[in-house]
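Trainee: I would like to take a close look at a single part of this model and understand how its pieces fit together. Could you walk me through it slowly, with the surroundings included?

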Amino acid sequence: MKKLFFAILAVVFAACTSEPQYATRAEKLLAEINDPTSDYVMVIAHRGDWRNYPENSIPAIESVIRMGVDMMELDVKMTKDSVLILMHDKTIDRTTNGTGKVSDYTWKE
């Protein structure tokens, strides 16, 4: 009887002291963000894995997912014909062979 009591006590203690369980990883990350006492270090990728793939590209996004990064920040710009694209800069100068603002070009251009 004494062993059963201590076994039940151990289970109750473990349940009371364990970390909360979350339905999804996103739910856990949101809880960490909203907890001012959290010491969780969140890894956030800016523009994806831009060291190995073109920034903000699908391969760059897929790479950080494979790495297990917690979040990825995307940069969205709008073209002259109101198409949303992934682009970090306001101009296309640095990442293409063109020049000028993203907003000065249509999607087709």
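Mentor: Let us begin with a group of charged side chains, since R47, E55, D89 and R94 are linked in a network of salt bridges. Please keep in mind from the start that this is a predicted model, and that the structure holds five salt bridges. As background, side chains of opposite charge can pair when their charged atoms come close.

Take R47 as the point of entry: R47 sits in the loop between β1 (44–46) and α3 (58–67). Is R47 buried or exposed? Its relative accessibility is 15%, and because the cut-off for a buried residue is under 20%, R47 counts as buried. Its surroundings can be listed by name, for, leaving aside residues up to four places away in sequence, R47 touches E55, N56, A60, M72, E73, D75, H88 and R94.

Two of those neighbours, E55 and R94, also belong to the network. The side chains of E55 and R47 meet in a salt bridge, with 2.8 Å from N to O, and E55, at 18% relative accessibility, counts as buried as well. E55 has a further partner, for the side chains of R94 and E55 meet in a salt bridge with 2.7 Å from N to O. R94 lies in the segment after β4 while E55 lies in the loop between β1 and α3, so this pair ties together parts that are 39 residues apart in sequence. R94, unlike the buried E55, is partly exposed, with a relative accessible area of 48%.

From the network we can move on to the helix beside that loop, because R47 lies in the loop between β1 and α3 and touches A60, which is one of the buried residues of α3. The buried residues there are A60, S63 and V64, and they cover an arc of only 95° around the axis, which puts them on the same side of α3. The spacing fits a general rule: an α-helix has 3.6 residues a turn, so residues three or four places apart point the same way. What covers the buried residues of α3 includes β1 and β2. On the face of α3 turned away from this buried side we find the exposed residues I58, I65 and R66. After the helix comes G68, whose phi is positive, near 90°.

If we continue along the chain, we come to D70, in the loop between α3 and β2 (71–73). The side chains of D70 and R25 meet in a salt bridge, with 2.9 Å from N to O. Because R25 belongs to helix α2 and D70 to the loop between α3 and β2, the pair ties together parts that are 45 residues apart in sequence. The two partners can be described by their accessibility: D70 is buried, with a relative accessible area of 12%, whereas R25 is partly exposed, with a relative accessible area of 46%. D70 can also be placed relative to V41, for their C-alpha atoms are separated by 9.5 Å, although the two residues are 29 residues apart along the chain. V41 itself is in the loop between α2 (25–33) and β1, and is exposed, with a relative accessible area of 66%.

Charged pairs are one part of the picture, and the surface also has a nonpolar part. L74, V76, M78, L84 and L86 form a nonpolar patch on the surface, with about 440 Å² of accessible area together. The elements that give two or more residues to this patch are β3 (76–78) and β4 (84–86). As one example from the patch, M78 lies in strand β3 and is partly exposed, with a relative accessible area of 43%.

Finally, we can set these parts in the whole protein, which has three helices and four strands, and which follows the pattern α-α-β-α-β-β-β when read along the sequence. Buried residues make up 19% of the 109 residues, and the protein exposes about 8,600 Å², of which carbon and sulfur atoms supply 62%. Among contacts between residues at least 6 apart in sequence, 40% join residues at least 24 apart.

Methods
Residues are numbered from 1 along each chain as its sequence is written. This is a predicted model: local features need pLDDT of at least 70, side-chain atom pairs count only at pLDDT 80 or more; totals for chains, interfaces and linings use all residues. Side-chain values use heavy atoms; hydrogens and water are left out. Patches are made of residues with over 30% relative accessible area and no salt bridge: like charges are joined within 9 Å, nonpolar side chains (Val, Leu, Ile, Met, Phe, Trp, Tyr) within 5 Å. Accessible areas come from the Shrake-Rupley method with a 1.4 Å probe; for residues, only the protein chains shown count as cover. A salt bridge is a side-chain nitrogen of Lys or Arg within 4 Å of a carboxyl oxygen of Asp or Glu. Buried means under 20% relative accessible area, exposed over 50%, partly exposed in between (1.4 Å probe, protein chains only). Contact means heavy atoms within 4.5 Å. The arc is that of the directions from the helix axis to the C-beta atoms.
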